[in-house]
Amino acid sequence: MLIREIEKFLRSTGMPASKFGRMAARDPRLVHDLRNGREPRRRMVIRAEHFMNKYKLEMPHAR
């Protein structure tokens with residue numbers, strides 16, 4: 001599930017949920033909505049996963 005991957009990412013990087021939403025999808029409520037049951041479309045899953053992978057590669061010093 002996407003929300004589980006995002007939650008792990010947020011814990012490991014210390015990034016606030018709203019910042020993740022803004023950076024990954026231009027939607028500061030994304031994580032909040034996913035936590036409340038929003039079902040992401042395939043395109044959103046791909047965008048979020050791409051963002052997390054790219055961030056990890058570019059920011060190796062992140063927690």
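Methionine 52 touches Leu2, Glu5, Ile6, Phe9 and Phe20, not counting neighbours within four places in sequence; contact here means heavy atoms within 4.5 Å. This is a predicted model, where local features need pLDDT of at least 70, side-chain atom pairs count only at pLDDT 80 or more, and totals for chains, interfaces and linings use all residues. Residues are numbered from 1 along each chain as its sequence is written, and side-chain values use heavy atoms, with hydrogens and water left out.

**The core**
- The largest nonpolar core (buried Ala, Val, Leu, Ile, Met, Phe, Trp, Tyr and Cys residues joined through side-chain atoms within 4.5 Å) has 17 residues.
- Those with the most contacts inside this core are Ile6, Phe9, Leu10, Met15, Phe20, Phe51 and Met52.
- Two or more residues each come from α1, α2, α3 and α4; helices are DSSP runs of H or I, at least four residues, numbered from the N terminus.

**Helix α1**
- On the buried side (under 20% relative accessible area, 1.4 Å probe, protein chains only) α1 has Leu2, Ile3, Ile6, Phe9, Leu10 and Thr13.
- They sit on the same side of α1 because they cover an arc of only 120° around the axis, taken from the directions from the helix axis to the C-beta atoms.
- Their cover includes α2, α3 and α4 (42-58).
- Arg4, Lys8 and Arg11 are exposed (over 50%) on the face turned away from the buried side.

**Positive phi**
- Glycine 14, just after α1, has a positive phi of about 75°.
- Arginine 26 has a positive phi near 55° despite not being glycine, and lies in the loop between α2 (17-25) and α3 (30-35).
- Arginine 26 counts as exposed, at 70% relative accessibility.
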